Each structure stands twice: as structure tokens, then as C-alpha cells.
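Q: I am new to this structure and would like to understand how the terms used for it are justified. Could you take me through them with care?

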Amino acid sequence: MSEAGGKSMDQLVRGSGPSLYARMLAMTRGYRVAILGVLLLELLSTPLALLAPVPLQVAVDSVLQGRPIPHYLRGVLPSPDRGIETLLLAVCALSVLLVLLSQLQSLASNLLTTYTGQNLILALRTRLFRQAQRLSANHHSTLGTADAIYRVQTDATAVEWIFIDGFIPLVNAAFALISMLYVILRLDVKIGSVALAVSPVLFLLTRISRPVLRRQSREVKRMESVALGFVQETLSILRVVKAFGQEAREERRYVDQVARCIRGRLRVTLVEGVLGLSINLVLAVGTGLVLYIGVGNVLAKTMSLGQLLLTLSYVAQLYSPLKTLSRKCVSMQSQFASMERVFAFLDLPPDVPERPDARPLHRAEGALSFQDVSFCYEPNRPILKHISFEVEPGTRAGIVGSTGAGKTTLTNLMVRFADPTEGQVLLDGVDLRDLRLADARSQFSIVFQEPVLFATSLAENIAYGCPGASREQIEEAARAADIHEQILRLPDAYATLVGERGLKLSGGERQRIGLARAFLRDAPFLILDEPTSSVDLQTEATILEAMERLMRGRTTFIIAHRLNTLVHCDLLLHLEDGWLMEVTRTSHQCDSALARLQEEMAGPQGA
């Protein structure tokens, strides 16, 4: 499913070149001064490179052969009349100075490049992470979270490469190309013309290879995302893999996927290698022609040896930007493929959008109603069908039904994890879609069937819904959940790290941490999603006592297969196959309905 989903998202921006470039440029807002600074520092390398071979020419022509110093250096270097040794020392000092300036330029450029590039990546990763959290849990369960992780961690780095390692070297190479060409043409027009004659061939090779590399790079990134998904999925269910002895099978699946990635990378490398071979061959031919003409000029005494060495050095530097232009245009195709994936992800609309004129809500009174609500994840496959009921503030509502009846989906609509396909969910008489999303969700505390804990301390886990809670408030919530004394017996008490997903704690301890979190949040609505289904009877009794305290004064919805947890409910909602089969009100009627349901569940087993 992740492969298919990945393809569909990538197609959102594929082929929209000008739009892609405009969007990338817009991302540099706020960093353009820094990028300009990097560009200027890089452009400074060109005149330094032009000056680098000059000391060699002066040493050969003026020191060794007694020729006059080039006119543009006569105010910098001493005249040969002051002595050859003095001139030689000045030439050596000039060489050292040029190296020093070049290294200082390189250091400043590297520092500013790192600062700018990393901040560009951070800004884009922040946008992607925010988008990943805006998308629904259903989206990530359908496509796999590894796809989002790959885009955040890997694809996002393309923004640095394009602007810092791609665009700036391209501009610098173009500037260097023009500068070198100008100098060579001033030295010898014929040599300059021959040296430049190879450029149309290079640009033709680049144009042919660009679309091929873009397409293959896009496919490689998709396959690498799938491979990451295999790793994440296997490690997240490692106990299941080990329990069934399927380590070798999962390893083969991973190796097969990575092998496909390797084959894709090899295809990209082959195209790049063939292109590099062709570029170097063309440049070698150009260099050979320049050498042939230059030696002929020296023999004909129309050019000095020092001028020939200087010209050959400039030709090599002329071909370096030509090679950079060709290779950067090609290697950037992989980065453009990454940016396509980035924008495809950013363009995904959230399943639960917030209206621009959404109303704020501080604390709800506790009334909730469903009005002819239907919901489906896929067209023509409804999960809930025309559900209608009302719950008064402070009501305890039990939700029963067989597996797949739609119980969890019903509570998801309450918390706006999704919006109804049809109908309305009203909170205190207001459509949830008219409220600010964060405000609507803050009205609910949820205790899940499998409590979700983070790999941090117990105190931070309890205070997750209230980050600013004091130590006293955290301990009070733990006492209410009957977990305080057990926490104090741990070596680090509330500072104890619970491990990934809280696996260092037992199921009952994790459940009571979840209850403590709900106590501390103190929301007017409470959802208990089968909170005792994974614990033993003794632990269940303790949890039920804590739940009883937690439900006081709150509108509570309890999903349970163990019907004894629904005793003393004021309202009973019976769901089957997405339909609301029965609504039972008053505690006495609910107890009677529960007894009947228990008999129905026990009947087939007795038979």
C-alpha cells in the first residue's frame, strides 16, 4: 500500500518544472542574504584562481628568461633591475599570499555554507513534520509512517544541495567560465575558440541525460522509502516476529527490497558514469587540440613558454567550470526528484481542516449529540450509518457491539480525528467543525486500550497533556490513579525512564499511567477505550476503582467487551455493523440490557 500511495503523491507535482522551481525559490525567503553571501564568497574564488598561476609565469619568463614583468604586476612586484633574487623572493611571497587568501576564502565560505544549508534543511523539515502531524492517523496507517519519515529526514536535505551545493556552484562556474574565456581570448583568439568549441557537445550530452536521471532517481527514492518501511514495521512488531520464528523471512524481505534499491542506484550510477566518461573524453580532445596549437605557437616564436604554461593552466580552469556545469545539471536531477516528493507531501490536504472563522472554546459544559451521522473511509463502504443520539452533561455512556461494529470510529468522530461523511457531531449544540481544532480536542481525555507511553520519564508521561504541570499536580494525579506508591518504589521514582513505548512497565502499570494522565488533563469529556481488556482480574479491580473516581463530574464514553465495566452506566449504545441498534437510558434499563447481552454472548458458548 505504501508503494502505491507513494506513487500517487509523487504524481501531484511531476512534470511541473517552472512551478517546482518557483516554489523552491520561495522557500529561500529569510535566507536570501545568507545565500547571497555564500555566492559572493564563492565568486571570489574565481579571481584568486586566475591569479594562482601568475607567479609561475613571472618565475619562468621574468626570473629565468629575463623578460619584462607583465604590465598589470609592475606596481606590485619589484623591477628585475633591483636584482633577480629580490624579484624571486617577491614572486614566492605573492604565491604564499594568494594561497593564504584562497584558504581564508574557503574557510569563510564553508562556515557560511554550513550555517545557511543547515537552517534551510531545518526550516523545511519543520514544515514537513508539521504537515505529518496535520495528516490523519488513517493516512499514515494507509501509506505507512516510514514514507513520511523518509521525506522528513532524507528528501528534505535536497533543499541544501540545490541552493548551496548546486545553484551557487553553477553561478560560480558560469562566472569562472566567462572570466577564463575572456582571459584566454586576450592571450590567443584561436586557442580560445578551439577550447570553447567543445561546449555545445557537453550541453547536448547533459540535455539527453537529464530526464533519464530524474526518472530513475525518483524511482530509487520510492524504493528506499519502502525499504525503510520494512525496517520500521519489523522492529515495531519484533516480539511477534520472534514468537513465530520469522526472523529469516523478514531478513529475506528486507534484503530483496534493498537489492532492488541497489539495482536502481547502479542504473543511476551507470548513466552518470557514461556521461562522465563522455564529458572527460570531449574535454581531453579539446585539451589535445589546444596543446597542439600552443606548442606550434611556441615553436613559431609567437608565444613564450611561460605564456603557453599560463594558457594551458587557464584552459584547464576553463574546462573545470564546463565540467561543473554539465555534472551539476545532471546530479541535481536526483535532488529535484526529492523536492517533487517534498511538495507532493506538503500539498496533501488534511483530512480534518480547520475553518478560517473557527470559534474558540475554553471549557465545554459536557453535552454531545450525533445527528444522522454517517462515515466511511472509502466510497461506498460506510463504517457508521445514520447514527443519532444525545448525551447530557455528566452522563456515563457505554458503547457495546461486536468487533468491527464501529465503536472506536464513533469516538474518533467525537475527538475530530475524522469528520462525518454526512450529518453533524454537536458539542454543547455547536458543530465540531465550527470550533478551533485544538480547542475541540482539548475537551477530551482518552485512555486507550493499549496506553501510549513515550521513552521518557514517568513524570513527563503523566504530564504529557499538561506540560506545565507542577510536581505536586503530577503526584496528585498519580495518587488518584493508584500508581503513586508503586512509582516511589522505583529506583528513580518519577524520574524513571519507561523505555520505548513504556515496555519497562507492566500492562496494568501502563494503564494506570494513562489514567493519571487523564486525571491531570481534567477535561469535561472522558473516553475509555476498553481500558481493562489487557489486564488480569485483580488489576482490573484496582483500575475500575480509579476509573470510578475519574468519571465523577465528567461526560464519559466507555467502550468495553467486558460488560462488567459498564455497570452503573446511564446510557447504553449498542452498535452492530455500523448501525445504532439500540439506545438504552436510565441505570436500571442499562443493567437489564447488559444482562441480556451477557446471556446472548454466553449462549453460543454454552451450546
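Q: What makes β1 and β2 a hairpin, and which residue in the turn has a positive phi?
A: In this predicted model, β1 and β2 form a hairpin with two residues between them, and N380 in the turn has a positive phi of about 65°.

Q: Why are β1 and β2 called paired?
A: Pairing requires at least two bridges between two strands; strand β1 (residues 368-378) and strand β2 (residues 381-391) are joined by seven bridges in the antiparallel sense, so they meet the criterion for a pair. One example of the partners is F375, which is matched with L384 in β2.

Q: How do you know that β8 pairs with β3 and with β7?
A: The same cut-off of at least two bridges applies here. Strand β3 (residues 396-400) has four bridges to β8 in the parallel sense, with A397 facing its bridge partner F557, while strand β7 (residues 525-529) runs parallel to β8 and is joined to it by five bridges, with F525 opposite T555. Both counts reach the cut-off, therefore β8 pairs with β3 and with β7.

Q: Why is strand β8 called mostly covered, and what is found on its faces?
A: A residue counts as buried when its relative accessible area is under 20%, and five of the five residues of β8 (residues 555-559) are buried, so the strand is described as mostly covered. Both faces are covered, with T555, F557 and I559 buried on one side and T556 and I558 buried on the other.

Key: Residues are numbered from 1 along each chain as its sequence is written. This is a predicted model: local features need pLDDT of at least 70, side-chain atom pairs count only at pLDDT 80 or more; totals for chains, interfaces and linings use all residues. Side-chain values use heavy atoms; hydrogens and water are left out. Buried means under 20% relative accessible area, exposed over 50%, partly exposed in between (1.4 Å probe, protein chains only).
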